[in-house]
Every structure is written in structure tokens, then in C-alpha cells.
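Please look over the sequence and the model shown here before reading on. The paragraphs below then lead through a few of its parts.

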Amino acid sequence: MPIKKVLNIDGDHKDWNSFKSGNWEAYGHIYDAHFKLLSNYGFKFTKDVALIEDCIHDLFVNLWQKRAQLGNPPSVRNYLYKSLRNSIFRKLERGQKFVNLNEEDEYAFHFEVSFDTLLIEDEAKKELQTKLKSAVKTLSARQQEIIYLRFYEGLSYDEAAEIMNLNVSSAYKLLYKAVGKLQQRVKLAELMMILCLLAPEYHLSRIN
């Protein structure tokens, strides 16, 4: 089941500013609010739970140690996502799990398409779910990640590009190619409907 993303942007920024001033309680709030989200995101890159937990631990240790030098990110969650992503990549590189992050298929990213069972009671929607699961598996790692961030996490192109270390134009092109590949297996109308079921709390604007 997807993790419910109940985000309080104002609360995040209040905690962030307090944490930067040395408030341990605010630091704990940030950790508690994001640990499951970060674990879930990290699990898309590797099934090594110990490595993910080490990366999250290192991330928060570094945050505390460098809190006085930190800026004010537009989104605390997105800042943590990008930091964790970079940390996981560094550890995997050291372990020689992959070589070149600039190459599209040189890292793993897998997410299981799942929906609230209340939303897929009829057979037609169940069939669409199965079709989309199969279609997603044909995408490259980067294509899966942009689909996940854009639709499942509800991020803007700018936000997804920032996390993935892409420029916005490249993010548009990457998503366009990913959706085009999905359309080879799922009709556009069906695809948009199923993506709405995937992230019902977000308004989906036109892809292009």
C-alpha cells in the first residue's frame, strides 16, 4: 500500500528553522515526519534495508552537524529526498553496484504499482492495474523514477528535476518518453484514469 503523504509545509518550515537554531525537539519532528517516506523512497533503489537505514542515519547526523550552514529549502521533504538519493548512490558506487550515474540504465529503480482496494473493486479497474504494472516494468530506471515522482509523489517538473539532478527540459523529455512507452501498452485515456487512481489526492495536469 502507498504511504499516505500528509505534509504540513508551514509546519515543516517552522520545524526546519527551529532545528537550525539548535532545537532538538524540532529536529526530532523532522526525523519522525520523514523517516517512513525516506525509507520508502530509498527502497526503490535498493532492497538493502541496512544500507538505506545507514544512509538515513548519516543524512540526519550531517544535518545536525551542519545545521548552522543550511539554507531554507522550498520543500524540506524534497531536500531530504535529494540528499538521501545522493547518499545511496555514493554508497552503491563504493560497493561497485553500478558505475556511471550519467548513464540511464546504470542504477536500479523499481516501484510496485498499487492502489487502495476500494478504488479497484470492479474488474475493469483491476485489469487496468495489471496492465499498468506490466507496462511500468518495461521502463528504464530513470523513466520509472520520473513517473513515480511526478504522479505518485505529486511533484512538479521543477521539483522532480531538482531531486534527479536534471534540468527541467530534460525532465519534460524524460517523462514524455516514459508516458509514450506506457501508451504502447495502455491507451492514453486508460493511462490517465489509472494514474488518477494512483495519486487521487493530486490534480493531474496535462502531461505535455
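What follows turns from the confidence of the model to one residue and then to a pair of helices.

This is a predicted model, in which local features need pLDDT of at least 70 and side-chain atom pairs count only at pLDDT 80 or more, while totals for chains, interfaces and linings use all residues. Residues are numbered from 1 along each chain as its sequence is written, and side-chain values use heavy atoms, with hydrogens and water left out. The mean pLDDT (the predictor's confidence in each residue, from 0 to 100) is 81, and 73% of the residues reach 70 or more. Over residues 1-10 pLDDT stays under 50, and pLDDT also stays under 50 over residues 200-208.

Ile-30 lies in helix H2, residues 24-42, where helices are DSSP runs of H or I with at least four residues, numbered from the N terminus. With a relative accessible area of 4%, Ile-30 is buried (under 20% relative accessible area, with a 1.4 Å probe and protein chains only). Leaving aside residues up to four places away in sequence, Ile-30 touches Asp-15, Trp-16, Phe-19, Phe-60, Val-76 and Leu-80, contact meaning heavy atoms within 4.5 Å. Of these partners, Leu-80 is 50 residues from Ile-30 in sequence, yet their C-alpha atoms are 9.9 Å apart in space.

Further along, the axes of helix H6 (residues 141-152) and helix H8 (residues 168-183) come within 9 Å and cross at roughly 100°, so H6 is roughly perpendicular to H8 (65 to 115 degrees). Axes here are lines fitted to C-alpha atoms, for helices over the stretch in contact, and angles run from 0 to 180 degrees between N-to-C directions. Among the residues that make the contact are Ile-146 and Phe-151 of H6 and Leu-174 and Leu-182 of H8.

Definitions and conventions: Helices (H or I, at least four residues) and strands (E, at least two) are DSSP runs, numbered from the N terminus. Buried means under 20% relative accessible area, exposed over 50%, partly exposed in between (1.4 Å probe, protein chains only). Angles under 35 degrees count as roughly parallel, over 145 as roughly antiparallel, 65 to 115 as roughly perpendicular and the rest as oblique.
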